[in-house]
Amino acid sequence: MSGAGFILAINLFVAGLLAAAFMAVAMHGDRCRPARWLALSYLIGMVYLGVEFSVPAFENARPVVVASFATMLAATIAFNVGVARRYEVTPPWAPMLAFLVVASAIVYFAQDLPRQSFPRMLAYQLPYAVMQLIAVGIALVSRRRRDRFDWMLVCLLLVSALQFASKPLIAHALGGWGANPQAYLQSNYAMMSQSLGTIFAIAIALLMLVVLVRDVLAEATALSETDALSKLLNRGGFQRHADLAMLEAARQGRPVA
């Protein structure tokens with residue numbers, strides 16, 4: 001097995017772990033239902049990795065390459081839906097699905113171009129960057145209050161979009177992405193591309209897990225401090241909020257009673 005193939009196998013294992021982690025989070029509270037979409041995203045990612053492994057087995061790799069591309073793009077759509085659910089934004093279903101169809105068609109016909117041509121590489125990688133930018137837009141248009149973790153997620157998605165857009169340049173710098181689809185996993189570019197994919201997939205997933213687990217804790221805290229019937233703070237909740245108010249008043253030098 002080549003180095004890129006070994007990393008691809010690791011990615012398959014990591015995607016399964018992340019899917020299981022998101023499913024576990026999805027079972028804890030209504031606010032973590034978006035985790036189901038994120039779990040689906042990484043499950044579809046496992047299918048994509050399986051298709052990538054199968055490419056060398058086909059003499060005519062064009063349909064398999066398009067299937068691989070479309071599967072990965074579908075995984076990013078599921079991820080974007082999860083982000084939209086988390087930030088209480090209506091998922092842009094129609095634009096994303098239309099983009100999936102158009103981008104898959106472009107990749108199909110782009111395979112008639114010379115394999116190492118820049119437009120062909122760009123046709124394959126740019127749609128992934130666009131999907132990451134859509135996730136950024138979803139997080140930014142949300143009316144929910146954003147904290148440092150939300151801004152970290154936005155920044156990480158922007159960097160991820162940049163690495164997708166730069167992959168054609170990386171491929172040229174490393175001597176291309178194989179003489180044919182069957183030779184892709186033997187190229188230096190494949191090892192670099194799969195390594196970057198692993199890094200960003202884990203980083204984004206871990207940050208989303210932090211955001212979702214924080215939501216679970218916030219929901220649990222609210223339930224423990226609120227009377228179920230009147231929805232008013234109970235004694236413990238009142239005490240905690242009163243202590244915070246006293247500390248804030250003391251910090252600002254305001255009298256409080």
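**Close-up views of a predicted helical model**

**View 1. Ser142 puts its side chain 2.7 Å from the backbone oxygen of Tyr87.** That is a polar contact, meaning a pair of N or O atoms within 3.5 Å; within protein, one atom must be able to donate a hydrogen and the other to accept it, and residues adjacent in sequence count only if both atoms are side-chain atoms. Keep in mind that this is a predicted model: local features need pLDDT of at least 70 and side-chain atom pairs count only at pLDDT 80 or more, while totals for chains, interfaces and linings use all residues. Residues are numbered from 1 along each chain as its sequence is written, and side-chain values use heavy atoms, with hydrogens and water left out. Ser142 sits in the loop between α5 and α6; helices (H or I, at least four residues) and strands (E, at least two) are DSSP runs, numbered from the N terminus. With a relative accessibility of 6%, Ser142 counts as buried. The cut-offs are under 20% relative accessible area for buried, over 50% for exposed, and partly exposed in between (1.4 Å probe, protein chains only).

**View 2. The whole chain is helices, loops and no strands: 8 helices and 0 strands.** Along the sequence the pattern reads α-α-α-α-α-α-α-α. Taken along the principal axes, the C-alpha atoms fill a box of roughly 75 × 35 × 35 Å. Of the 257 residues in the protein, 44% are buried.

**View 3. Helices α2 (residues 34-54) and α3 (residues 62-86) pack with their axes 8 Å apart, at an angle of about 170 degrees.** That angle makes α2 roughly antiparallel to α3. Sorted by class, their contact has 16 nonpolar, 6 polar and 3 charged residues. For the bookkeeping, axes are lines fitted to C-alpha atoms, for helices over the stretch in contact, and angles run from 0 to 180 degrees between N-to-C directions. Under 35 degrees counts as roughly parallel, over 145 as roughly antiparallel, 65 to 115 as roughly perpendicular, and the rest as oblique. The classes put Ala, Val, Leu, Ile, Met, Phe, Trp, Tyr, Cys and Pro down as nonpolar, Asp, Glu, Lys and Arg as charged, and the others, Gly among them, as polar.

**View 4. Two loop residues, Asn60 and Glu88, are exposed.** Asn60 belongs to the loop between α2 and α3 and has a relative accessible area of 54%. A polar atom of its side chain lies 3.4 Å from the backbone nitrogen of Arg62. Asn60 and Ala15 are 45 residues apart along the chain, and their C-alpha atoms are separated by 28 Å. Glu88, in the loop between α3 and α4, comes in at 62% relative accessibility. Its phi is near 55 degrees, a positive value in a residue other than glycine.

**View 5. Helices α5 and α6 cross at roughly 175 degrees, with axes that come within 9 Å.** That makes α5 roughly antiparallel to α6. Their contact residues divide into 20 nonpolar, 4 polar and 1 charged. Ser160, in α6, is buried at 1% relative accessibility, and its side chain joins that of Gln132 in a polar contact of 2.5 Å.

**View 6. Both α5 and α6 bend, and each has a proline listed by its bend.** In α5 the bend is about 35 degrees at Tyr124, with Pro127 following within four residues. In α6 a kink of about 45 degrees lies at Lys167, shortly before Pro168. (The bend at a residue is the angle between axes fitted to the seven residues ending there and the seven starting there.) What do the end-to-end spans look like? The 24 residues of α5 (residues 118-141) should span 34 Å, and the end C-alpha atoms are 33 Å apart, which agrees. For the 26 residues of α6, 38 Å is expected and 36 Å is found between the end C-alpha atoms, which agrees too. The expected span is 1.5 Å times one less than the number of residues.

**View 7. Asp147 caps the N-terminal end of α6.** One of its side-chain oxygens lies 3.0 Å from the backbone nitrogen of Phe149. Just after α6, Gly175 takes a positive phi of about 90 degrees. Leu174, in the loop between α6 and α7, is partly exposed at 32%. Its C-alpha lies 9.0 Å from that of Met192, 18 residues away in sequence.

Terms used:
The bend at a residue is the angle between axes fitted to the seven residues ending there and the seven starting there.
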